[in-house]
Amino acid sequence: MYYRLFTSIIRFFIIHFLLFLLLFLPLSSFCQPGAEIGIIGGGGYYMGEYNPSTHFKGMNGYIGGLYRYNLNDRFAIRLQYGSSKIRVKSGNEPGEEVFPMELKTSVTDICGLVEFNFRSFLVPKTDKSSLWSPYIYVGAGLLSANDEGGISIPFGVGVKFNLYGNLSCGIEWGCRKLFTDKIDGIEDPWETGETNFIYNKDSFFVSGLTLTYRFPLNIECRGYK
């Protein structure tokens, strides 16, 4: 009970903080050397008791918004909020119904990430930066589904591209590794007593495209080119 209350409070404050950033701050407050705002769209899928080993099985749409602050041409901090669904059938043989035959639930994904660019990357492009760069990310977040919430460890890989002017895009794939085995509403259905974090916990995966706009530099930031 206390764990659910704690995750609900954290989720409430993160969601409202993101909404505050996106809706209520004046645009001038974003006009710093590295501030970007954008969207992410693609697919999400789950791995757990219903899907123990098959990537991309039962993929459903994923849509969200993100705020990125580029500390320099290599490192960036990113806040992301997204939603998706899980709809997957179990692999039970007929007459062997260990748990319900189908899992259907909505997913809410909230995370804070640190990105690292393997090549110098700035938007808009500068003389020293590249038109594209592979990157990795890692962070911490919350993921809720099936009336269960849990802390997640998001990590993934991607490639960023300069499109035109202040616009950039990317393609990425990542995992939300969970500390709980209850996202699918099932915990240790075969009563093995196994609770290993790596092999007996649910995960949610996100793959998609990002499109971001970097706010123009203000007068104080014109030296950053």
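Let me begin with a single residue, Ile-86. Leaving aside neighbours within four places in sequence, Ile-86 is in contact with Tyr-46, Asn-60, Leu-103, Lys-104, Thr-105, Val-107, Ile-183 and Phe-204. I should say at once that this is a predicted model.

Which residues have the most contacts inside the largest nonpolar core? They are Tyr-46, Ile-86 and Phe-204, in a core of 15 residues. The elements that each contribute two or more residues to this core are β1 (35–47), β2 (60–70), β3 (75–89), β4 (102–117), β5 (132–145) and β8.

I turn now to the fold itself. Eight strands close into a barrel, and their order is β1-β2-β3-β4-β5-β6-β7-β8, with antiparallel pairing. On average, neighbouring strands of this sheet are turned by 25 degrees against each other, direction ignored. As a general reminder, the strands of a sheet pair through backbone hydrogen bonds, in either a parallel or an antiparallel manner.

Let us follow the pairings, starting where the barrel closes. Strands β1 and β8 run antiparallel and are joined by 12 bridges. In that pairing, Ile-39 stands opposite Leu-211 of β8.

Next come β2 and β3, which form a hairpin with four residues between them. The two strands pair in the antiparallel sense over eight bridges, and Gly-64 faces Gly-82 of β3. From β3 we pass to β4: 15 bridges connect these antiparallel strands. Here Val-88 has Leu-103 in β4 as its bridge partner. Leu-103 has already been named, being one of the contacts of Ile-86.

On the other side of the sequence, β6 (residues 148–164) pairs with β7 (residues 167–178), again in the antiparallel sense, over 12 bridges. Val-157 stands opposite Trp-173 in β7. The hairpin of β6 and β7 has two residues between the strands, and Gly-165 in this hairpin takes a positive phi near 60 degrees. Strand β7 is in turn joined to β8 (residues 203–214) by 11 bridges, and these two strands run antiparallel. Within this pairing, Glu-172 has Gly-208 of β8 as its bridge partner.

Two points of backbone geometry deserve attention. Most residues other than glycine have a negative phi, and most peptide bonds are trans. Against that background, where does Phe-56 lie? Phe-56 is in the loop between β1 and β2, and its phi is positive, near 70 degrees, in a residue other than glycine. Is Phe-56 buried, partly exposed or exposed? Phe-56 counts as partly exposed because its relative accessibility is 47%. The second point concerns the peptide bond between Val-123 and Pro-124, which is cis, with omega about -5 degrees. Pro-124 is found in the loop between β4 and β5.

Finally, a word on confidence. The protein chain has an average pLDDT of 79, and 69% of the residues score at least 70. Over residues 219–225, the pLDDT is below 50, and this stretch has 12 contacts in the model beyond near neighbours in sequence. For residues 24–31, pLDDT likewise stays under 50, and the model has 12 contacts for them beyond four places in sequence. Where pLDDT is low, the predicted coordinates should not be read in detail.

To close, I return to the starting point: Ile-86 is in contact with Tyr-46 and Phe-204, among others, and these three residues have the most contacts inside the largest nonpolar core. Thank you.

Notes:
Residues are numbered from 1 along each chain as its sequence is written. This is a predicted model: local features need pLDDT of at least 70, side-chain atom pairs count only at pLDDT 80 or more; totals for chains, interfaces and linings use all residues. Side-chain values use heavy atoms; hydrogens and water are left out. Two strands pair if DSSP finds at least two bridges between them. A nonpolar core is a set of buried Ala, Val, Leu, Ile, Met, Phe, Trp, Tyr and Cys residues joined through side-chain atoms within 4.5 Å. Buried means under 20% relative accessible area, exposed over 50%, partly exposed in between (1.4 Å probe, protein chains only). Contact means heavy atoms within 4.5 Å. pLDDT is the predictor's confidence in each residue, from 0 to 100. Axes are lines fitted to C-alpha atoms, for helices over the stretch in contact, and angles run from 0 to 180 degrees between N-to-C directions.
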